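Reader: I am new to this structure and would be grateful for a close look at a single part of it. Please describe the metal site, and then the elements that accompany it.

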Amino acid sequence: MSDDHEFALRCPVPLPPGDTVLLGHGSGGKLTAQLIRDLFVPVLAGDGSELARLGDAAVVVVNGTRLAFTTDAFVVAPAFFPGSNIGELSVNGTVNDLAMMGATPLFLSAALILEEGLPLRDLGEVVASMAEACRRAGVTLVTGDTKVVERGSADGLFVTTSGVGVIPDGVEIGPERARPGDVVLVSGPVGSHGVAVMSRRAGIEFEAKLVSDTAPLTDLVRAMIAAGDVRCLRDATRGGVASVLNELAEASSVSITAVETDIPVLGPVRAACEMLGLDPLYVANEGVCVAIVAPEDAEAVLAAARANPHGEHAAIVGSVGEGPPRVLLRTGLGATRPLIMLAGDQLPRIC
Ligand code: MG
């Protein structure tokens, strides 16, 4: 698989949107949000629909059972990166979107788009990783599809997974449930996935090993929900923690203040971000979630998170205030500045 991608050093400054799709439309930031708001929701479903709710997964009720249902496409380049590959990522990503609704993930589908010429050995490795990830997350892959396109029409392989899970009775999690006084938690150190992929793409070797944080968060979330009133959950994938905080502030019509020095970032990731000119708060994660929790339960939920292997570095990083919707960052120097949603795309094809 080619490591030599022409966008490796693309300038992150966004172009004004024109009449064609930009890489930024896939960033998970501002342009993605515009596309969803101005095209997908009005044409496909309309205001007030489940689609318009913009949860990590849709919640549909069948015979009185609440199902979470989600789908996600994976186009990460390169498909093999430090710590993992597109196969494991595609399972964990969909499992986590179900977990973010408090659901127990059950069944997955996978659609593979393969480029003519892809080594079968690479495909075998990806599929083995998917199988292992399903086993670890306790989900069963029950249906799939395979398409092959001509050499040059894809970049090795793309994977789309969909997933279904059941939301237990009494669990109520949604992006619109944050309220003033709530506490903001981050489940782990941020930026590891994006920096691991970017370092491989840029051909940079760091002294400290940087690996993706991709992981299923089902058990972590279950423990946190059992410990207290978790109102909102979102995995901080594309657009990073900064974009997720903006989405939650918007959905709940609240302001959020985060404290920069309280947001955990591993030392090597911070050093790599400085070298690559990246802000870790905007870098994609694949095993980190943001949680907004009722204030009286914050310490208990934090302790539950820290007792889980995927949450040992969990931290309280901010608080929720009255609207209007916006996110503020208290910096290490004591100043407060707006933390806006990702504009443009600093890291295309990160997941
Ligand atoms: Mg998500």
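Author:
**The magnesium site and its surroundings**

Along the chain, the donors of the magnesium ion follow the spacing D-x40-D-x137-D. The pair Asp 56 and Asp 235 ties together parts that are 179 residues apart in sequence, because Asp 56 lies in the loop between α1 (30-44) and β1 (58-62), whereas Asp 235 lies in strand β9. The model is a predicted one, and in it the protein donors are Asp 56 (OD), Asp 97 (OD) and Asp 235 (OD), lying 2.0 to 2.2 Å from the magnesium ion. With a relative accessibility of 14%, Asp 56 counts as buried. Asp 235 also counts as buried, at 6% relative accessibility.

Strand β9, which holds Asp 235, leads to helix α6. The buried residues of α6 pack against β9 (230-235), and also against β8 (183-186), β10 (255-259), β11 and β13 (326-330). Of the 13 residues of α6, 10 are buried, so the helix is largely enclosed by the rest of the structure. Those buried residues are Gly 240, Val 241, Ala 242, Ser 243, Val 244, Leu 245, Asn 246, Leu 248, Ala 249 and Ser 252. The length of α6 (residues 240-252) can be checked as well: at 1.5 Å a residue, its 13 residues should span 18 Å, and the end C-alpha atoms are 19 Å apart, which agrees. After α6 comes Ser 253, whose phi is positive, near 55 degrees.

Strand β11, one of the partners of α6, introduces a further residue. Asp 297 lies in the loop between β11 (289-293) and α8 (298-306). Asp 297 counts as buried because its relative accessibility is 19%, and the cut-off for buried is under 20%. Leaving aside residues up to four places away in sequence, Asp 297 touches Gly 228 and Asp 229. By contrast, 43 Å separates the C-alpha atoms of Asp 297 and Glu 125, which are 172 residues apart along the chain.

The other donor, Asp 97, leads to a second covered helix, through α2 (86-99). Helix α4 (residues 192-201) is mostly covered, with nine of its 10 residues buried. The buried residues of α4 pack against α2, β3 (80-81) and α7 (267-276). Among them are His 193, Val 195, Met 198 and Arg 201. α4 is followed by Gly 203, which has a positive phi, near 70 degrees.

Definitions and conventions
Residues numbered from 1 in each chain as written. Predicted model: local features only at pLDDT ≥ 70, side-chain atom pairs only at ≥ 80, totals over all residues. Heavy atoms only, no water. Helix = DSSP H or I, 4+ residues; strand = E, 2+ residues; numbered from the N terminus. Buried < 20%, exposed > 50% of the residue type's maximum accessible area, 1.4 Å probe, protein only. Contact = heavy atoms within 4.5 Å. Expected span 1.5 Å × (residues − 1). Donors = N, O, S within 2.8 Å, 3.2 Å for Na, K, Ca; no water.
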